[in-house]
Amino acid sequence: MSSRPGSGHCALFALLLLATSALATADTVRWAVVDGPPFHVDPPGGPARSVDALGDGLTDRLIARLASELPQWRHELLPMSRRQLWARIASGEALCYADAIVTPERLKMTYMSLATVGTPMVLAVRKGSLPPRKEGYRLAELLARSDLRGAFEAQRSYGLEIDGLVRDARAPVMPLPQGPQVLRMLEAGRMDYLVEYPKVLQYAQERMQPAPALDFHALRDIAEPAPAAVACTRTAWGLRAIRAIDGAIRRASARPDATAAHRRWLPPSVAAEQAARMERFYRERAAYSDVK
């Protein structure tokens with residue numbers, strides 16, 4: 001039987017499109033821009049569409065520094081939600097994400113290379129709702145209480161220890177707004193506590209008028225805060241990209257100002273407390289390759 005008229009031309013055209021797409025991504029890093037401030041701080045006019053337009057957020061500066069170390073690669077920025085990010089990576093789309101916590105599930109979809117030192121997360125609650133404790137609180141204890149309701153962001157990893165506690169307790173996991181909006185929800189009683197990075201809470205509070213009436217407590221469940229990695233889709237393109245990015249991370253980590261972007265967004269007390277550990281992370285990261 002003869003083929004349908006024109007089907008051969010259609011197939012050839014489809015192959016040409018695929019080849020063109022492959023060539024377009026062969027020397028391009030496509031950065032997913034996902035998180036809000038202080039990781040990504042949008043310039044006036046909305047999300048940055050080029051590396052030169054990136055703001056001064058922690059991940060903005062990381063992407064800009066890696067791009068400067070990889071001038072032979074073209075760099076694209078693609079704003080998207082966290083849910084879109086992992087769905088698009090799972091579909092095989094060529095993407096890299098510069099602030100991923102390493103989990104077994106994500107390693108099935110991506111290649112990863114550690115890039116940013118981890119800092120402790122804290123517990124945010126309405127003012128006066130939990131008495132202060134010098135030693136802080138255990139999240140496992142709060143999750144077991146029926147009179148308290150925590151909220152955790154869907155498609156986000158808080159590190160293996162906290163992820164496991166949340167999963168075992170079947171705590172609510174939902175889409176959450178970024179920054180100030182979620183703190184207003186906490187203040188209004190939509191939930192009783194949040195787990196978040198101090199730098200995120202400080203950034204939001206400094207820009208909220210009136211400032212929300214909140215308390216912050218240390219968390220005792222995390223032995224070592226999880227570092228963040230660059231993750232690229234687990235394809236031949238992604239392997240090539242992550243190997244190049246891994247070298248760029250090593251070179252950037254060797255610079256004297258490797259901790260500057262991170263320290264800028266930390267409360268001074270946390271920056272001072274974590275200074276030695278941050279310096280050690282970047283010193284060690286500069287010394288070895290780390291592609292997972």
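## Two helices that cross

Angles between helix axes get names: under 35 degrees is roughly parallel, over 145 is roughly antiparallel, 65 to 115 is roughly perpendicular, and the rest is oblique. The axes themselves are lines fitted to C-alpha atoms, for helices over the stretch in contact, and the angles run from 0 to 180 degrees between N-to-C directions. Helices here (H or I, at least four residues) and strands (E, at least two) are DSSP runs, numbered from the N terminus.

Before we use those words, some ground rules. You're looking at a predicted model, where local features need pLDDT of at least 70 and side-chain atom pairs count only at pLDDT 80 or more, while totals for chains, interfaces and linings use all residues. Residues are numbered from 1 along each chain as its sequence is written, and side-chain values use heavy atoms, with hydrogens and water left out.

Now take helix 2 (58–69) and helix 9 (236–253). Their axes come within 9 Å and cross at roughly 105°, so helix 2 and helix 9 are roughly perpendicular to each other. Contact means heavy atoms within 4.5 Å. On the helix 2 side you'll find Arg65, Leu66 and Glu69, and these meet Ile245, Ala248, Ile249, Arg251 and Ala252 of helix 9. Sorted by class, that contact has 5 nonpolar, no polar and 3 charged residues. For this sorting, Ala, Val, Leu, Ile, Met, Phe, Trp, Tyr, Cys and Pro are nonpolar, Asp, Glu, Lys and Arg are charged, and the others, Gly among them, are polar.

## Helix 9 has another partner

Helix 9 also packs against helix 11 (residues 268–287), with axes that come within 8 Å and cross at roughly 130°. That makes the pair oblique. The crossing is left-handed, a label used if the near helix is turned anticlockwise from the far one by less than a right angle (clockwise would be right-handed).

Which residues of helix 9 meet helix 11? They are Asp246, Ile249, Arg250 and Ser253, and across from them sit Tyr282, Arg285, Ala286 and Ala287. This contact divides into 4 nonpolar, 1 polar and 3 charged residues. Notice that Ile249 turns up here and also in the contact with helix 2.

## The nonpolar cores

A nonpolar core is a set of buried Ala, Val, Leu, Ile, Met, Phe, Trp, Tyr and Cys residues joined through side-chain atoms within 4.5 Å. Buried means under 20% relative accessible area, exposed means over 50%, and partly exposed is in between (1.4 Å probe, protein chains only). In soluble globular proteins, nonpolar side chains tend to be buried together.

The largest core here has 28 residues, and Trp31, Leu66, Cys96, Val230, Cys232 and Ile245 touch the most other members. Strand 1, helix 2, strand 3 (96–101), strand 4 (110–116), strand 10 (228–233) and helix 9 each supply at least two of its residues. The largest share, 7 residues, comes from helix 9. Try clicking on Cys96: leaving aside neighbours within four places in sequence, its contacts include Trp31, Cys232, Trp237 and Ile245. There's also a second, separate core of 25 residues, which includes Tyr137, Leu143, Tyr193 and Tyr197.

## The loop before helix 2

The loop between strand 1 (28–33) and helix 2 holds Pro38, and the peptide bond from Pro37 to Pro38 is cis, with omega near 0°. Val51 lies in that loop too. Is Val51 buried or exposed? At 17% relative accessibility, Val51 counts as buried. Leaving aside neighbours within four places in sequence, Val51 is in contact with Ala64, Ala67, His75 and Leu77.

Arg49 is another resident of this loop, but Arg49 is exposed, with a relative accessible area of 62%. Not counting residues up to four places away in sequence, Arg49 touches Leu77 and Pro79. The C-alpha atoms of Arg49 and Pro79 are separated by 8.2 Å, with the two residues 30 apart along the chain.

## Backbone oddities

A second cis peptide bond runs from Gln209 to Pro210, with omega near -5°. Pro210 lies in the loop between helix 8 (198–206) and strand 9 (214–218).

Two residues that aren't glycine have positive phi values. Gln155 has phi near 70° and lies in the loop between strand 6 (152–153) and helix 6 (160–169); at 36% relative accessibility, Gln155 counts as partly exposed. Arg170 has a phi of about 50° and sits in the loop between helix 6 and strand 7 (173–174). At 77% relative accessibility, Arg170 counts as exposed.
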